[in-house]
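Reader: I should like a close look at one part of this structure, namely the contact between its chains. Please describe that part in one connected account, and then set it against the rest of the structure.

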Amino acid sequence: MSHSSTIEEKQYLVRFNADTKSHLHVLDHDICLTKCPDKICTIFCPAAVYKWEGTRMHVGYEGCHECGSCRIGCPYENIRWEYPRGGHGIVFRLG
Amino acid sequence: MPEKFDCIVVGAGPAGTACAYELAKAGVNVLLLERGEYPGSKNVMGGVLYRKMMEDIIPEFYKEAPLERPIVEQRFMLMDKESAVTFSYKGLEWGREPYNNFTVLRAKFDQWFAEKAVEQGALLVCETVALECIVENGRVVGVRTDRPDGEVYADVVVLADGVNSLLAKQLGFHREWRPDEVALATMEILKLDKKVIEERFNLEPGQGCTIELLGDATKGILGTGFLYTNKDTLSIGVGTLLSGLIKHKIKPYELLEYVKNHPMIRPYLQGSEPVEYLAHLIPEGGYHSMPKVVGDGVLVVGDAAQLVNAIHREGSNMAMTSGRLAAETIIMAKTYNDFSESMLDHYRLKLMESFIVQDLKKYKDATHHFDAFPQYFERYIPLLNRAASHMFTVDGASKWEKQRKIWRDLGSMKEKLKLARDVFKAWEVMK
C-alpha cells in the first residue's frame with residue numbers, strides 16, 4: 001500500500017450486478033452545457049460515474065454506489081435518481 | 001406472496017430488521033422487504049455497533065453474531081499536516097461483558113440479523129424495490145414493488161429505507177435534503193494480518209481500537225476521518241458534508257487517498273491491501289432536519305428519519321432503538337386495531353423521550369456551527385498542534401518564554417478575543 005490508488009483501481013474492488021438500463025438520468029444535457037461551468041457532479045461523485053464529453057454528460061451508471069449525492073448535489077436538480085431494479089446494482093461484500 | 005400483511009417493513013438494515021424482529025416475536029405477520037441481493041449488500045457503516053441497543057433486542061447477541069472486535073480504546077487525533085495531538089480512552093472493562101461496542105462488517109452482520117428476524121417468523125423478501133406507498137383516502141395501505149403484480153397491502157408500513165428515503169419524500173414527510181444535511185463518506189477495507197493489527201494498535205488478541213481523525217484528515221473541511229480495526233482488516237474512511245466537497249471542489253476518493261497517505265496515518269496501514277471500496281451518505285442534518293415520522297398507517301425509522309448523532313458517530317444504535325419503538329407502537333395499535341396517525345403518534349412521543357431525540361437536541365446546532373465557522377478546523381487545530389510542539393520541544397528556551405511564544409502565536413488581541421468567543425460558542429452548541 002505504498003502507492004496511492006486511482007478511482008479505477010478502487011472501483012475494480014467492488015462487485016456490481018449492473019442492470020441493462022440506467023437508473024440515473026440527466027434530464028437536460030443543455031443545462032450542464034450552458035449553466036454549469038463546474039460540472040460539479042463529475043467532482044463529488046464518489047464513483048466517477050459522471051464524465052463530461054464536451055456537449056453531453058456521460059453517465060456510467062454501472063459503477064454507481066447508489067449513494068444519492070448526485071440527486072442532492074446537482075445545483076439544477078437535473079438528475080432523475082431511482083434505485084436500480086431489485087437485486088441489481090452494487091453488491092457490497094464486506095463493509 | 002400473500003397480498004395482505006399486518007405490517008410491511010421497507011429495508012432490512014438495523015432499523016427495519018430490529019422492527020421486523022420485534023414484531024415477528026410478538027406474533028405480528030410482517031413482511032421485510034430488501035432491495036439488495038441480501039441484507040447488507042447495499043449498506044455501509046464505518047463499523048461501530050453499540051452493544052446496549054442491540055441487546056435490548058437480542059440479549060447476549062455477541063455470543064453468536066458475526067462481530068469483528070470489541071473496542072477497548074477510542075482515540076481522537078487532532079491533525080495538522082505532519083503532526084497530531086491525540087486524546088484517548090482505553091478501558092479494559094470494554095473488553096469483557098457486557099462490552100460497550102464492536103466493530104462489524106455490515107454485509108455479514110445485517111445478513112445474520114435479518115436471519116434472526118426470519119427465525120422469529122418474519123418473511124424476508126430480497127431483490128425487491130418498494131417503488132411507492134399505496135395511499136388510499138390519505139392513508140398508507142401498502143407498497144407497490146418492482147415485482148410483477150407487486151402490490152402488497154398491510155395495516156401499517158414502516159419506512160426503513162435509509163438516507164435516500166424516496167418513500168418518505170413521496171409522502172411529503174420531508175423535502176429533498178440539502179447538501180449540508182448529508183455527509184458523503186467513502187471508505188476502504190484493507191486486508192492486514194491479525195497479529196500485525198494487534199501489535200500496531202497495542203491490542204491483546206481479539207481486542208479492537210477506533211481512531212477518529214479531525215482537522216487535516218479532511219483538509220480542514222468539516223468532517224472526520226476514521227480508522228477502525230476489524231478481525232483481519234482495517235476500515236479507513238473519510239466523511240465530509242456534501243456541501244463542503246462542492247464548495248472546495250474536492251473529489252471524495254482523492255480525499256480518502258490523502259488520509260491514507262497522511263504521514264500520521266500511513267504507518268498504520270503499511271503492508272495492507274485494499275479489498276473493497278465503498279461510498280454512502282450519512283444523514284447529518286440532526287434535530288432540525290428530522291422529517292415527519294408518523295402518518296396514517298405509516299412510520300419512519302433510522303436513517304430515513306435522520307436519526308444520526310454525527311458528533312458521537314452514533315447511528316446504528318439509534319436505528320435499532322427507533323425500530324424497536326416503532327414495533328412496540330404497532331403492537332399496541334394492533335390491540336386497538338387503530339393505525340391512525342394519532343394512535344401511531346406514540347412512536348414519535350417515545351422517540352422524543354428516548355436518548356435518540358435527547359441527543360439530537362443536545363447537538364442540534366453543532367454541525368451547522370462548525371460548518372458556518374470553518375476556523376475551528378482550519379485554524380485552531382493547527383494552532384493547538386503548534387502550541388504542543390513549542391511546549392514539548394526542549395531547545396533551551398524557558399517554559400515562560402515558550403508560553404509567551406504560544407500566546408503571540410494566538411495573534412492580535414482582536415484574534416485572541418475571537419478565539420475566546422469561539423471557544424465559548426463551541427461550548428454553547430455542544431453542552
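Author: In this predicted model, 25 residue pairs are in polar contact across the interface of chain A and chain B, both residues of each pair being at pLDDT 80 or more. On the side of chain A that touches chain B, the elements α1 (7-11), α3 (41-44), α4 (69-73) and β6 (89-91) of chain A each supply at least two residues. Of the elements of chain A, α4(A) gives the most to this side, with four residues. By residue class, the side of chain A that touches chain B divides into 19 nonpolar, 14 polar and seven charged residues.

In total, the contact takes 40 residues from chain A and 56 residues from chain B. The size of an interface is often given as the accessible area lost when the parts come together. Between chain A and chain B, the buried area is about 4000 Å², and carbon and sulfur atoms give 58% of that area.

Charged pairs also cross the boundary. Side chains of opposite charge can pair when their charged atoms come close. Seven salt bridges are counted between chain A and chain B. One of them joins R35(B) to E66(A), with an N to O distance of 2.7 Å.

The chain that supplies the 40 residues to this contact may be described next. Chain A has four helices and six strands, and their order along the sequence is α-β-β-α-α-β-β-α-β-β. Taken along the principal axes, the box filled by the C-alpha atoms of chain A is roughly 40 × 35 × 20 Å. Chain A comprises 95 residues, of which 60% are buried. Among the contacts in chain A with a separation of 6 or more, 67% are between residues 24 or more positions apart.

The salt bridges of the interface belong to a wider set, for the count over all chains comes to 40. Several examples lie within chain B. E176(B) and K169(B) meet through their side chains in a salt bridge of 2.8 Å, N to O. E176(B) counts as partly exposed because its relative accessible area is 22%, and K169(B) counts as partly exposed because its value is 31%.

A second pair in chain B is formed by R175(B) and E181(B), whose closest N and O atoms are 3.0 Å apart. Here the two partners fall into separate classes of accessibility. R175(B) has a relative accessibility of 45% and therefore counts as partly exposed. E181(B), by contrast, has a relative accessible area of 1% and is therefore buried.

A third pair consists of D180(B) and R178(B), with an N to O distance of 2.9 Å in their salt bridge. D180(B) is classed as partly exposed because its relative accessibility is 25%, and R178(B) receives that class because its relative accessibility is 41%. Elsewhere in chain B, salt bridges that share partners join K52(B), D56(B), R324(B), E328(B) and K350(B) into one network.

One uncharged residue of chain B may be added to this picture. S322(B) lies in helix α9 of chain B, which covers residues 316-336. With a relative accessibility of 0%, S322(B) counts as buried. A polar atom of the S322(B) side chain lies 3.1 Å from the backbone nitrogen of G302(B). Leaving aside residues up to four places away in sequence, S322(B) touches A15(B), V301(B), G302(B), L307(B), Y347(B), L351(B) and I356(B).

There remains the matter of covalent links between cysteines. A search of the whole structure finds zero disulfides over all chains. In chain A, C32(A) is in no disulfide, and the nearest cysteine sulfur, that of C41(A), is 6.3 Å away. C32(A) counts as buried, because its relative accessibility is 10%. In chain B, C126(B) is likewise in no disulfide, and the nearest cysteine sulfur, that of C7(B), is 17 Å away. C126(B) has a relative accessible area of 18% and is therefore buried.

To return to the part requested, the interface of chain A and chain B is described by its buried area of about 4000 Å², its 25 residue pairs in polar contact and its seven salt bridges.

Note on methods:
Residues numbered from 1 in each chain as written. Chains lettered and ligands numbered in written order. Predicted model: local features only at pLDDT ≥ 70, side-chain atom pairs only at ≥ 80, totals over all residues. Heavy atoms only, no water. Contact = heavy atoms within 4.5 Å. Buried area = accessible area lost by both parts, 1.4 Å probe. Salt bridge = Lys/Arg side-chain N within 4 Å of Asp/Glu carboxyl O. Polar contact = N/O pair within 3.5 Å; in protein donor to acceptor, adjacent residues only side chain to side chain. Nonpolar A, V, L, I, M, F, W, Y, C, P; charged D, E, K, R; others polar. Disulfide = S-S within 2.5 Å. Buried < 20%, exposed > 50% of the residue type's maximum accessible area, 1.4 Å probe, protein only.
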